[in-house]
Amino acid sequence: MNSEFDTRDRTGPRLVMLSGSCAGIGKSTLAEGLARRLEEAGATVDLFGEHQIFTRADFADVAEAFRSREFPKPERFLPTYARIFDGFRATSAWGVLDWHCAGMAADLPWAMRDHGRLTRLCLDVRELADDMDPVLLDLVGDVRTATERALAQRGDAWAKRYARIASDAGHTTGSIAERIAAWSRDQLGALREQELTAMRSAGWPITELDAMASAAEVLEQALDALGLDRPTALPSTPGTR
């Protein structure tokens with residue numbers, strides 16, 4: 001694949017959301033790599049990491065609902081997404097998010113009670129971004145391997161926190177990696193299926209990526225899924241025509 005793209009032959013940027021099976025699966029790495037590749041080609045990119053939900057001004061209403069334990073409902077989420085997407089449009093930017101709308105809401109009380117309401121939220125978000133050809137890239141791979149990656153990357157504080165969470169959930173035998181991986185499969189597996197079901201039912205295009213490949217290979221898979229594996233594939237940006 002050619003890393004030098006001609007930015008003249010696409011009409012506009014897209015909204016790209018990412019999902020993955022567990023911590024360490026590589027969402028942030030992929031989001032950063034995709035943003036970097038796009039920017040090198042001359043595209044404008046707004047990289048929105050999950051940690052930024054508490055720092056970005058255009059997400060302040062939702063962040064406050066999380067902080068207060070009131071928990072944001074769809075009627076609070078939707079104006080926030082509309083503001084974010086308007087910001088992408090105003091700057092002709094690709095929106096690259098290392099999270100997705102179902103994952104942000106699926107474990108909230110209203111979504112756990114009413115899966116149809118979660119699907120409706122995902123549909124409304126997709127329709128808000130319809131002109132940006134939204135897509136979900138889903139990283140799949142072995143939970144134990146991904147957990148070991150997370151342990152190597154995130155340090156002792158993360159390991160102790162999640163080992164405690166796993167132990168509290170009854171996973172008390174084996175290594176820290178084994179305990180956290182078992183908790184991830186048991187506690188997050190069903191939730192992840194709920195999230196993906198909501199996104200599929202809402203009409204989101206979903207492409208699976210092999211997260212067990214190298215970071216460079218995963219990025220190539222993503223570029224291919226987005227139709228950016230050709231030298232003329234990246235979108236036009238102001239001043240590049």
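Let's start with a pair of helices: α6 and α8 are oblique to each other. This is a predicted model, and in it the axes of α6, which covers residues 115–128, and α8 come within 8 Å and cross at roughly 55 degrees. An angle counts as oblique if it falls outside the roughly parallel, roughly antiparallel and roughly perpendicular ranges, the last of which runs from 65 to 115 degrees. As for hand, α6 and α8 make a right-handed crossing. On the α6 side you'll find H115, L118, T119 and C122, and they meet Q194, A198, M199 and S201 of α8. Sorted by class, this contact has four nonpolar and four polar residues, with no charged ones.

Now stay on α8 and look at its meeting with α7. Here the axes come within 8 Å and cross at roughly 85 degrees, which makes α7 roughly perpendicular to α8. The residues that α7 brings to this contact include V143, R144, T147, E148 and L151, and also W158, Y162 and I165. From α8, the contact takes in I176, A177, E178, R179, I180, A181, W183, S184 and R185. By class, the contact of α7 with α8 splits into 13 nonpolar, three polar and five charged residues.

Both of those helices turn up again at the largest pocket, since α7 (143–168) and α8 (176–201) are among the elements that give two or more residues to its lining. The others on that list are β1 (15–20), α1 (27–40), α4 (101–105) and α9 (215–225). Which element gives the largest share of the lining? That's α7, with eight residues. The pocket itself has a volume of about 1500 Å³, and 49 residues line it. If you want to find its centre, look for C22, A23, K27, E50 and Y162, the lining residues that lie nearest to that point. Y162 is worth a second look, as it also belongs to the contact that α7 makes with α8. As for the make-up of the lining, there are 24 nonpolar, 14 polar and 11 charged residues.

One more helix pair is left to visit. The axes of α2 (residues 60–67) and α3 (residues 74–90) come within 8 Å and cross at roughly 145 degrees. From α2, D61, V62, A65 and F66 meet R76, F77, T80 and R83 of α3. In class terms, that contact has four nonpolar residues, one polar and three charged.

How values were computed. Residues are numbered from 1 along each chain as its sequence is written. This is a predicted model: local features need pLDDT of at least 70, side-chain atom pairs count only at pLDDT 80 or more; totals for chains, interfaces and linings use all residues. Side-chain values use heavy atoms; hydrogens and water are left out. On a 1 Å grid over the protein atoms alone, a cavity is a set of points where a 1.4 Å probe fits but cannot get out, and a pocket is an open set with protein on both sides within 12 Å along at least five of seven lines; lining residues have an atom within 4 Å of a point. Grid points are joined across faces, edges and corners, and a volume is the space filled by probe spheres set on the points. Helices (H or I, at least four residues) and strands (E, at least two) are DSSP runs, numbered from the N terminus. Ala, Val, Leu, Ile, Met, Phe, Trp, Tyr, Cys and Pro count as nonpolar, Asp, Glu, Lys and Arg as charged, and the others, Gly among them, as polar. Axes are lines fitted to C-alpha atoms, for helices over the stretch in contact, and angles run from 0 to 180 degrees between N-to-C directions. Angles under 35 degrees count as roughly parallel, over 145 as roughly antiparallel, 65 to 115 as roughly perpendicular and the rest as oblique. A crossing is left-handed if the near helix is turned anticlockwise from the far one by less than a right angle, and right-handed if clockwise. Contact means heavy atoms within 4.5 Å.
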